[in-house]
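The following note sets out some points on the model for your consideration. They concern a pocket, a nonpolar core and the packing of a helix.

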Amino acid sequence: MKARPMQSAPAWSQYANNESYWNLIKTMEEIGKAHGKSVAQVALRWTLQKDIVASVIIGATSIKQLEDNMAVGSGWSLTKEEMEKLDQVSIPDIPYPYEMSWRSNAARVNRYNPRPFVANVY
C-alpha cells in the first residue's frame, strides 16, 4: 500500500519539485551571506522579528547545531527590506476553497479590527 502524504507528514516530492521553496532557500542564503549567517539563522531571525510570533522553539541534534541556532539572538537583525523580501518570496499557495474565500472577501473590512493582518515591526 502506498503511503499518502498528509499535512502533518507531507511527501518530500511536494517540496523537491516546487520552485518557490528553492527560491526561498536561495533568498535566505543570499541574506545569510550578507550577514555572515547560516540559512537556519536567517530563518530563525526572520521568525523572531515577526511581531505576531511570541517565541520560537528550536531543536538540535548536535551541540554545533544548538550553537548555530542560539547565535540568532546575538545582537543582529534583518533589515526592513530583507524582511519584506522574505515575506514576498514565502507567500504560500492557498488551496481551494480557501483561495476563493480570501479572494471574494479581500475588500471586506472588520470595523472592530481594521488591520486584519498583523504588520511586521522592524
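1. In this predicted model, helix α2 (residues 19-35) contributes the most to the lining of the second largest pocket, namely three residues. The volume of this pocket is about 260 Å³.

2. The residues lining the second largest pocket are Gln14, Asn18, Ser20, Tyr21, Leu24, Val89, Ser90, Ile91, Pro92, Asp93 and Pro95. By character, the lining comprises six nonpolar residues, four polar and one charged.

3. Leu24 belongs to that lining and also to the largest nonpolar core, which has nine residues. The other members of the core are Met28, Ile31, Val42, Trp46, Trp76, Leu78, Met83 and Leu86. At least two core residues come from each of α2, α3 (39-48) and α5 (80-89), and α2 gives the most, with three. In soluble globular proteins, nonpolar side chains tend to be buried together.

4. Which residues does Met28 contact, leaving aside its neighbours within four places in sequence? They are Val39, Val42, Ala43, Trp46 and Leu86. Of these, Val42, Trp46 and Leu86 are, like Met28, members of the largest nonpolar core.

5. In α5, the buried residues are Glu82, Met83, Leu86 and Asp87. Viewed down the axis of α5, these residues fall within an arc of 135° and therefore line one face of the helix. They pack against α2 and α3.

6. On the face of α5 turned away from its buried side, Glu81 and Gln88 are exposed. The buried set, by contrast, includes the charged residues Glu82 and Asp87 alongside Met83 and Leu86, both of which are members of the largest nonpolar core.

Technical notes: Residues are numbered from 1 along each chain as its sequence is written. This is a predicted model: local features need pLDDT of at least 70, side-chain atom pairs count only at pLDDT 80 or more; totals for chains, interfaces and linings use all residues. Side-chain values use heavy atoms; hydrogens and water are left out. On a 1 Å grid over the protein atoms alone, a cavity is a set of points where a 1.4 Å probe fits but cannot get out, and a pocket is an open set with protein on both sides within 12 Å along at least five of seven lines; lining residues have an atom within 4 Å of a point. Grid points are joined across faces, edges and corners, and a volume is the space filled by probe spheres set on the points. Helices (H or I, at least four residues) and strands (E, at least two) are DSSP runs, numbered from the N terminus. A nonpolar core is a set of buried Ala, Val, Leu, Ile, Met, Phe, Trp, Tyr and Cys residues joined through side-chain atoms within 4.5 Å. Buried means under 20% relative accessible area, exposed over 50%, partly exposed in between (1.4 Å probe, protein chains only). Contact means heavy atoms within 4.5 Å. The arc is that of the directions from the helix axis to the C-beta atoms.
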